[in-house]
Amino acid sequence: MNYHREGAGARTVVLIHGIGHHWQAWRPVIERLAADHEVIACDSPGFGSSPALASGTEPTIWAYTQAFEDFFEQLGVRRPHVAGNSMGGAIALELARRRAVASATALSPAGFWTDAELRYCQASLGVLARLPAPIRPAVRALARTRAGRAALFAQTFGWPSRMPASEAVATLEDAWAAPALAPTLAAFSGYRFGEPQQLRGVPLTIAWGVHDRLLLYGRQAPRAQAMLPWARHVALGAGHVPFFADPAAVAEVIRTSCAAALSAAR
């Protein structure tokens, strides 16, 4: 698994991106965490620069959870703190279920959807996965403009104009190149978050962007709160992917989660 490691501190935080993304999306957050945390930001298998899961492995949330648990063991990192966005948020919660992490912070996590909301998510992201190659240069050019980013990323970023043009283009290119994008999106059909009682005992934070237009805040955040009432629930003034809209708030949510877990362990 390809990863970036930065910072120092007694607490190790592993960052997991969402479907179609890459570790670089976390850069604004890493800059704010690395002063007092060891940060490991990963490309999930089949995305960014990481090879896909082993041949024949269906790219389900549970398969990715196992891949990250194996990754922790390979690095010699025992029960790190973990934060994930979207699909990465679902993976973070499943790692908590396995007691593989000291704390889990899930940012707009997948899995709290109805059947209709799942289909909406798959259809929305499927447009990106199926975008014909001949029109991609025009879309890249559009992403380099402020107005273009607003049009292309309005559903997933609360304020797309705050994302650098270089990151917008890299996001598109890495998504198009990702061998896991289409099969992982299809595998979402088999996932729903359930059995919440199994996560008791692991410090959890669920943070949702109030402008999330992909995993709808007004519908899915209340379900997460109802299923996990003992978790800490936070509303962010951001969209589905919050890293560029308000990186300071995201970093503070993660930092507070880590500190709360440390206090609980004493």
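The paragraphs below walk through a predicted model of a single chain, from its overall form to a few individual residues.

A good place to start is the overall build. The secondary structure of the chain consists of 10 helices and seven strands. A compact globule of 266 residues would have a radius of gyration near 18 Å, and the value of 17 Å found for the chain agrees with this. Measured out along the principal axes, the C-alpha trace covers about 55 × 40 × 40 Å. Buried residues account for 55% of the 266 residues. Contacts also reach across the sequence: of those between residues at least 6 apart, 75% join residues at least 24 apart.

The surface and the charges can be described briefly. The accessible surface of the chain is about 10700 Å², and carbon and sulfur atoms contribute 54% of that area. The chain carries 25 positive and 19 negative side chains, with the centres of the two sets 5 Å apart.

Helix α3 offers a helpful way into the interior. This helix runs over residues 87–97, and 11 of its 11 residues are buried, so α3 is largely enclosed by the rest of the structure. Its buried residues include Gly-88, Gly-89, Ile-91 and Leu-93, and also the charged-type residues Glu-94 and Arg-97. The elements packed against them are both helices and strands: α2 (61–75) and α8 (181–187) on the one hand, and β2 (12–16), β4 (81–85), β5 (103–107) and β6 (204–209) on the other.

The nonpolar interior can be followed from the same helix. The largest nonpolar core has 52 residues, and within it Leu-95 and Leu-204 touch the most other members. Beyond its neighbours within four places in sequence, Leu-204 is in contact with Leu-93 and Ala-96, as well as with Ala-104, Leu-199, Leu-228, Trp-230, Ala-231 and Arg-232. A second, separate core is made of 34 residues, among them Val-39, Met-163, Leu-236 and Phe-243.

Two residues draw attention through their backbone angles. Most residues other than glycine have a negative phi. Arg-99, by contrast, has a positive phi near 60° and is not a glycine. This residue comes just after α3, in the loop that leads from α3 to β5. Arg-99 counts as partly exposed because its relative accessibility is 36%. Ser-108 is the other case, with a positive phi of about 45° although it is not a glycine. Ser-108 sits in the loop between β5 and α4 (115–129). Its relative accessible area is 1%, so Ser-108 is buried.

One further loop residue rounds off the picture. Phe-153 belongs to the loop between α6 (146–152) and α7 (165–177). With a relative accessibility of 6%, under the 20% cut-off, Phe-153 counts as buried. Leaving out residues up to four places away in sequence, Phe-153 touches Pro-160, Met-163, Ala-168, Thr-171 and Leu-172. Of these contacts, Met-163 is also included in the second core. Phe-153 and Gly-89 of helix α3 lie 64 residues apart in sequence, and their C-alpha atoms are 20 Å apart in space.

Methods. Residues numbered from 1 in each chain as written. Predicted model: local features only at pLDDT ≥ 70, side-chain atom pairs only at ≥ 80, totals over all residues. Heavy atoms only, no water. Helix = DSSP H or I, 4+ residues; strand = E, 2+ residues; numbered from the N terminus. Rg over C-alpha atoms; globule rule 2.2 N^0.38 Å. Buried < 20%, exposed > 50% of the residue type's maximum accessible area, 1.4 Å probe, protein only. Contact = heavy atoms within 4.5 Å. Areas by Shrake-Rupley, 256 points an atom, 1.4 Å probe, with all protein chains shown as cover. Charge placed at Lys NZ, Arg CZ, Asp CG, Glu CD. Core = buried A, V, L, I, M, F, W, Y, C linked by side-chain atoms within 4.5 Å.
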